[in-house]
Amino acid sequence: MATIRLSDVQKAYGDHPPVIRRVNLEIAQHEFCVFLGPSGCGKSTLLRMIAGLEDLSEGELHIGGRLVNDVPAAERGVAMVFQSYALFPHMTVFDNMAFGLKLAKQPKDVIERKVREAARILQLDSLLDRHPKALSGGQRQRVAIARLHQRFANASVVYVTHDQIEAMTLADRVVLLHAGADAERFGSIAQSGAPLELYHQPKSRFVAGFIGSPRMNFIDAAVESIEPGRVTVALAAGAQKLVADVDGERLQRGQRVTLGVRPEHLRLDGDEQFIQCATVLSERLGEHSYIHADHAGGTLIAKAPGDTPLVAGERIRVHVPPAACHLFDEQGLALRRSTFEPERAAA
Ligand SMILES: Nc1ncnc2c1ncn2[C@@H]1O[C@H](COP(=O)(O)OP(=O)(O)O)[C@@H](O)[C@H]1O
Ligand SMILES: [Mg+2]
């Protein structure tokens with residue numbers, strides 16, 4: 001599959017309001033692109049339009065530079081893998097993946113190398129000895145993709161999931177969709193970019209909350225003061241003031257904002273820049289624990305080493321590093337983070 005380009009694409013079923021709004025997206029050759037989002041946000045509709053199983057209501061779709069709005073599915077050079085895609089049940093994952101190469105009478109060492117390379121890309125390395133019945137639906141689908149990918153060495157892949165961990169581990173690029181009022185205001189794409197770009201530099205509160213597990217902590221606050229690259233906020237409940245390393249040029253003093261910080265960026269040993277909390281419980285997962293703690297404005301979760309002792313009800317100061325803070329305005333749009341440069345995915 002060559003470059004896929006969607007320009008101002010909309011889709012409405014019958015007289016209903018559009019389920020896909022103003023989608024502009026380019027998927028490069030070789031790219032492994034994952035459509036991600038909650039149920040009903042339009043992932044399948046978007047995929048079906050690219051495949052030619054559904055008409056576009058508005059906009060243009062180009063594949064390999066050719067306008068294909070009116071080109072039937074079979075003539076688009078698009079191959080599809082459905083979740084129920086048949087794998088040979090009596091063969092291991094390795095043998096399923098090697099099947100086409102064996103038929104093509106490829107040498108054994110070539111087959112071995114190609115299968116292992118595809119397995120690495122699709123995160124199937126540890127599953128090569130299993131049989132299909134011991135795989136999840138998503139894993140089976142990936143085995144089927146691996147077969148395709150070997151036959152079409154230049155293929156770009158578009159993959160659909162609601163599982164953010166699957167999306168983050170597989171994708172060169174994640175296209176996160178949202179629905180409802182957000183889609184009406186901003187178009188269906190909430191954000192499109194490399195997985196770590198969405199993680200470190202989410203454009204909105206929706207993206208920040210969707211990517212990452214456990215979810216980012218959100219705390220209501222108001223703008224106290226603004227300096228270049230740095231905003232001080234006062235938490236809406238309690239007396240704490242916190243500094244966030246974000247670009248606050250478009251904010252005003254007194255404006256309501258939401259402070260966001262991920263569980264993995266909090267520290268339990270704060271003596272400055274902290275939120276006063278009382279511990280509630282610890283989820284012990286072995287290597288690390290998730291500490292749940294109440295503060296004046298709600299509950300937060302902090303990731304801590306696995307052996308962290310916890311006395312329920314103990315008062316602790318949870319340190320919030322300024323560089324780890326995200327800030328969102330009343331519309332839910334993120335302020336640009338000033339000290340953080342997102343890691344660029346290899347081109
Ligand atoms: N054939 C159809 N007719 C009418 N509405 C549809 C049809 N297919 C999907 N929808 C609606 O379009 C929206 C997006 O659906 P879908 O693309 O299946 O989302 P997702 O795959 O993200 O769960 C949903 O509100 C769904 O109810
Ligand atoms: Mg779907």
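**Ligand 1**

I began with ligand 1 and looked up its contact to Tyr13: a nitrogen atom of the ligand is 3.4 Å from an N or O atom in the side chain of Tyr13. The model is a predicted one, and I read the distances below with that in mind. Next I checked the oxygen atoms of the ligand. One oxygen atom of ligand 1 lies 2.9 Å from an N or O atom in the Lys43 side chain. For Cys41 the partner is a backbone N or O atom, 3.3 Å from an oxygen atom of ligand 1. I then looked up the areas: ligand 1 taken alone exposes 560 Å², and the protein buries 55% of that.

Which residues surround ligand 1? I listed Tyr13, Val19, Pro38, Ser39, Gly40, Cys41, Gly42, Lys43, Ser44 and Thr45.

**Helix H1**

Lys43 and Thr45 took me from the ligand to helix H1, which covers residues 43-51. I noted Lys43, Thr45, Leu46, Met49, Ile50 and Ala51 as its buried residues. What do the buried residues of H1 pack against? I found strand S1 (4-11), strand S2 (20-27), S3, S4, S6 and strand S7 (173-177). After H1 comes Gly52, and I recorded its positive phi, near 95°.

**Helix H2**

I repeated the look-up for helix H2, residues 93-103. Its buried residues are Val93, Phe94, Asn96, Met97, Ala98 and Leu101. I set a general point beside this list: an α-helix has 3.6 residues a turn, so residues three or four places apart point the same way. Just after H2, I found Lys105 with a positive phi of about 55°.

**His62**

I went to strand S4 (residues 58-63), one of the strands that H1 packs against, and picked out His62 there. Is His62 buried or exposed? I entered His62 as buried because its relative accessible area is 12%, and the cut-off for buried is under 20%. Leaving out residues up to four places away in sequence, I found that His62 touches Thr3, Ile4, Arg5 and Leu67.

**Aromatic rings and charges**

I looked up the aromatic pairs and got 3 for the structure. One of them is Phe32 with Tyr159, a tilted pair with 6.1 Å from centre to centre and 50° between the planes. Phe32 belongs to strand S3 (residues 32-36) and Tyr159 to strand S6 (residues 157-161). The two residues are 127 apart along the chain, and the pair links distant parts of it. I checked burial as well: Phe32 and Tyr159 are both buried. S3 and S6 had already come up among the strands packed by the buried residues of H1.

I then searched for charges over rings. The charged end of Arg205 sits over the Phe218 ring, 4.3 Å from the ring centre. Arg262 lies over the face of Tyr199, with 4.2 Å to the ring centre.

**Whole chain**

I closed with the totals. The protein chain has 8 helices and 17 strands. How many of its residues count as buried? I noted 49% of the 347 residues. The C-alpha atoms fill a box of roughly 70 × 50 × 35 Å along the principal axes. I counted contacts between residues at least 6 apart in sequence, and 63% of these join residues at least 24 apart. For the surface, I recorded about 17,400 Å² exposed by the protein chain, with carbon and sulfur atoms supplying 50% of it.

How values were computed: Residues are numbered from 1 along each chain as its sequence is written. Chains are lettered from A and ligands numbered from 1 in the order in which they are written. This is a predicted model: local features need pLDDT of at least 70, side-chain atom pairs count only at pLDDT 80 or more; totals for chains, interfaces and linings use all residues. Side-chain values use heavy atoms; hydrogens and water are left out. Rings of Phe, Tyr and Trp (its six-membered ring) pair if their centres lie within 6.5 Å; planes under 30 degrees apart count as stacked, over 60 as edge-to-face and the rest as tilted. Helices (H or I, at least four residues) and strands (E, at least two) are DSSP runs, numbered from the N terminus. Buried means under 20% relative accessible area, exposed over 50%, partly exposed in between (1.4 Å probe, protein chains only). A charge sits over a ring if NZ of Lys or CZ of Arg is within 6 Å of the ring centre and within 35 degrees of the ring normal. Contact means heavy atoms within 4.5 Å. A residue is near a molecule or strand if one of its heavy atoms lies within 4 Å of it. A polar contact is a pair of N or O atoms within 3.5 Å; within protein, one must be able to donate a hydrogen and the other to accept it, and residues adjacent in sequence count only if both atoms are side-chain atoms. Accessible areas come from the Shrake-Rupley method with a 1.4 Å probe; for residues, only the protein chains shown count as cover.
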